[in-house]
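Subject: Structure for your review

Dear colleague,

Please find below the structure that I am handing over to you. A description of what was found in it follows.

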Amino acid sequence: MAILEVRDLVKVYPTATAVGGVSFSVPEGICFGLLGPNGAGKTTTIEIMEGILPPTSGEVRYRGESLGRRFRQEAGILFQKTALQDFLTVRQCINLFRGLYDHGLEVDEILRLCALEKLAARDNRKLSGGQQQRLLLAIALVNDPAVLFLDEPTTGLDPQARRNFWELVQSIKAQRKTIILTTHYMEEAELLCDDIVILDHGRIAAQGPPQRLLHEHFAQVLLELPRQDFPAAARALPLNILEGPDRIEITTDNVEGTLRTLLAAQVPLTHLRIRPANLEDLFLELTGTELRS
Amino acid sequence: MQRLLAVLHARNLEFLRDRSTLIFTLLLPVLLVIGMGFVFAGPPRPLFKVGVLAPSIDPAAHPFLKERYTEFVPLPQRDQALRKLTHQQIDLLLDLQQPVRYWVNTESPKGYIVEKLLLAADPAASRQPVTGAALRYVDWLFPGILGMNMMFSCLFGVGYVVLRYRKSGFLKRLYASPLTAFEFLSAQVLSRLGLILFVTVVLYAGIGTVIGFHSAGSSLLLLLLAVVGALSMIALGLTIAARFASEELVGGLLNLLTWPMMLLSGIWFSLEGSPRWVQWVAHIFPLTHVLDAARAVMLDGAGLVQIAPHLLFLAATALAFLAFGAWSFRWRID
């Protein structure tokens, strides 16, 4: 049974339609990704799912019920941006939120889970970006939630902090908790998500497990070359060529034949890279928009 | 200079495009001028103040009532009128029922003069002497200062904090938890209440010692009054901060409340003798009830029964403001 069901969700603002009729369901125990470029409607969708925003029409059901008191008790939420009360230490911040729920984890256990033991006595305003996100994740975990919402949790973090955060999320995922994740980072989605929805202009562009979607859309592989290595004359070759600002991508299901064609055209292959398609390629295929734009 | 002008321009645009704040900023000075005009307008203050034991004043009822430069104040309750005479808040008290009687404070210089005027108009009036030192202005002002401090702490202390929480997104995070608006607001009220009571008690003891003030009434009753009065004003501050996200608008609205209370609630001067509608307006404000009740207890030794109407008003407004604040509360900025 789905832990969350989203039915015909519509959110209209006076100047724009943020979500234009979205339906999907989230099975229990998986990590579910909402992907899309800025303005695609993913934050609006997740905030309606969190019960923060009212929809214009449609509904979200948690374990078959409308979002209500039970959902509030059993959901953990990490917003894109949250300020905490000034002057409170890490432990006091966790204590505050732990006090808002009927059931949950011990504060020491939460500190340990999120690797915050050494920071417990530090003023929350004096944490680094990665430490701050770990604290917000700790706050989202105080009630030992059945469903955890993470809205772009690693935006703005350095690569090391991002990888640390992913490890934390993977450990939570290993406990068979349901995670709803929105992200700009395709690497993050590929690593963490079991199922994804790609949103574009408030509508679903694709839905399913990442590997299945990639298999459905890409039977081919990609050959990448630096733009300066690709002579202008080679653009007329009978290949499926996509030009980026600094690289050329060639999509093919016949690598040997494509390489022969490039060699015949005297294209230098020293910096050639062959890779399978990833989610970013899928997004480009579906929407023609760079995810990080 | 170019950078300064760029920042100045951007700030001006921000201010001018915040319509509600702009309108309010323009409106507040106008309202203040109108308010001050009503309070301080009118003829010069009379030389003497005479209380008359009657519900209203009819100048035809006695030749003395036509006396110039004398203000006649109707005081239907004799006990209250005699207390005012004892404290020299009025210079003479007149009972027009035949035979005409009057009470005069033998320690009051102004009472001595106004008695002469009365006897010139009605030599047969019967004299009832009372004694009592004039109430020091500092004793009368003392509850006003405590009340004013309480008002600012209640309104600004809570209003701005809630506004900051809303702007920073902290309220939105709380909204995602099982916490209700009523629970959140009640916690804010109780936190501020504790602080205000502590400060008020310290000020009461400290200033009271310095000026040599001793309350005529019960200290416990004063504490009860402080609790109910602070609750009412904190809840009023929360109703202002319940919805808005602009510091300037909330600041303006809080000023719109505090200035009339400063002028009309009797912090600095008594509104006795001012037009009836001004007194009626003054009694809309919680601070007026706090000060009236505090002065009754501190200066006249009033008990629970005498100040019960004030306590009920304050308790009712506290509940009403808190209910309205919870109903209209916004966790997030739309």
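Two strands are said to pair if DSSP finds at least two bridges between them. The model shown above is predicted, and this definition applies to the strands described below.

The sheet of chain B

In chain B, strands S1 and S3 pair in the parallel sense, over 3 bridges. One of the partnerships between them joins B:Val50 to B:Leu92, the latter lying in S3(B). These strands belong to an open sheet of 5 strands with mixed pairing, in the order S2-S1-S3-S4-S5. Strand S2 (70-74) and S5 of chain B stand at the edges, and each has a single partner strand, so one side of each is left without a neighbour in the sheet. From one strand to the next, the twist averages 25°.

Helix H3 of chain B packs on this sheet, where it touches S1, S3, S4 and S5, and its direction makes about 35° with that of S4(B). Which residues of this helix are buried? In H3(B), which spans residues 78-86, they are B:Ala81, B:Leu82, B:Arg83, B:Lys84, B:Leu85 and B:Thr86. The elements against which these buried residues pack include helix H11 (286-300) of chain B. After H3(B) comes B:Gln88, whose phi is positive, near 60°.

The loop between S3 and S4 of chain B holds B:Pro99. Is this residue buried or exposed? B:Pro99 has 8 other C-beta atoms within 10 Å, and a residue with 12 or fewer counts as exposed, so B:Pro99 is exposed. Its C-alpha atom is separated by 7.2 Å from that of B:Ala125, although the two residues are 26 residues apart along the chain.

Domains and a helix pair in chain B

The domain assignment divides chain B into domain 1 (48-130) and domain 2 (137-328). The C-alpha centres of these two domains of chain B lie 36 Å apart.

Helix H5 (residues 137-168) and helix H8 (residues 219-241) of chain B pack at an angle of about 35°, and their axes are 8 Å apart. The crossing of H5(B) and H8(B) is right-handed. Among the residues that make the contact are B:Met150, B:Leu155 and B:Val158 of H5(B), together with B:Met233, B:Ile234 and B:Leu238 of H8(B). The residues of this contact comprise 14 nonpolar, 3 polar and no charged.

The sheet of chain A

Chain A has an open sheet of 6 strands, ordered S6-S7-S8-S3-S9-S10, with mixed pairing. Its edges are strand S6 (75-78) and strand S10 (203-208) of chain A; each has a single partner strand, so one side of each is left without a neighbour in the sheet. Here the twist averages 15° from one strand to the next. Strand S3 (residues 31-35) and strand S9 (residues 195-200) of chain A pair in the parallel sense over 4 bridges. A:Gly33 has A:Ile196 as its bridge partner in S9(A). Helix H5 (residues 129-140) of chain A lies across S6 and strand S7 (147-151) of chain A, and runs at about 160° to S6(A).

Where the chains meet

How many residues of each chain are in contact with the other? There are 15 residues of chain A in contact with 11 residues of chain B. On the side of chain A that touches chain B, helix H2 (residues 69-74) of chain A supplies the largest share, 3 residues. That side of chain A divides into 8 nonpolar, 3 polar and 4 charged residues.

Yours sincerely

Note on methods. Residues are numbered from 1 along each chain as its sequence is written. Chains are lettered from A and ligands numbered from 1 in the order in which they are written. This is a predicted model: local features need pLDDT of at least 70, side-chain atom pairs count only at pLDDT 80 or more; totals for chains, interfaces and linings use all residues. Domain bounds come from an automatic or database domain assignment. A residue is buried if 20 or more other C-beta atoms lie within 10 Å of its own, exposed if 12 or fewer, and partly exposed in between; C-beta atoms are placed from the backbone. Helices (H or I, at least four residues) and strands (E, at least two) are DSSP runs, numbered from the N terminus. Two residues are in contact if their C-beta atoms, placed from the backbone, lie within 7 Å. Axes are lines fitted to C-alpha atoms, for helices over the stretch in contact, and angles run from 0 to 180 degrees between N-to-C directions. A crossing is left-handed if the near helix is turned anticlockwise from the far one by less than a right angle, and right-handed if clockwise. Ala, Val, Leu, Ile, Met, Phe, Trp, Tyr, Cys and Pro count as nonpolar, Asp, Glu, Lys and Arg as charged, and the others, Gly among them, as polar.
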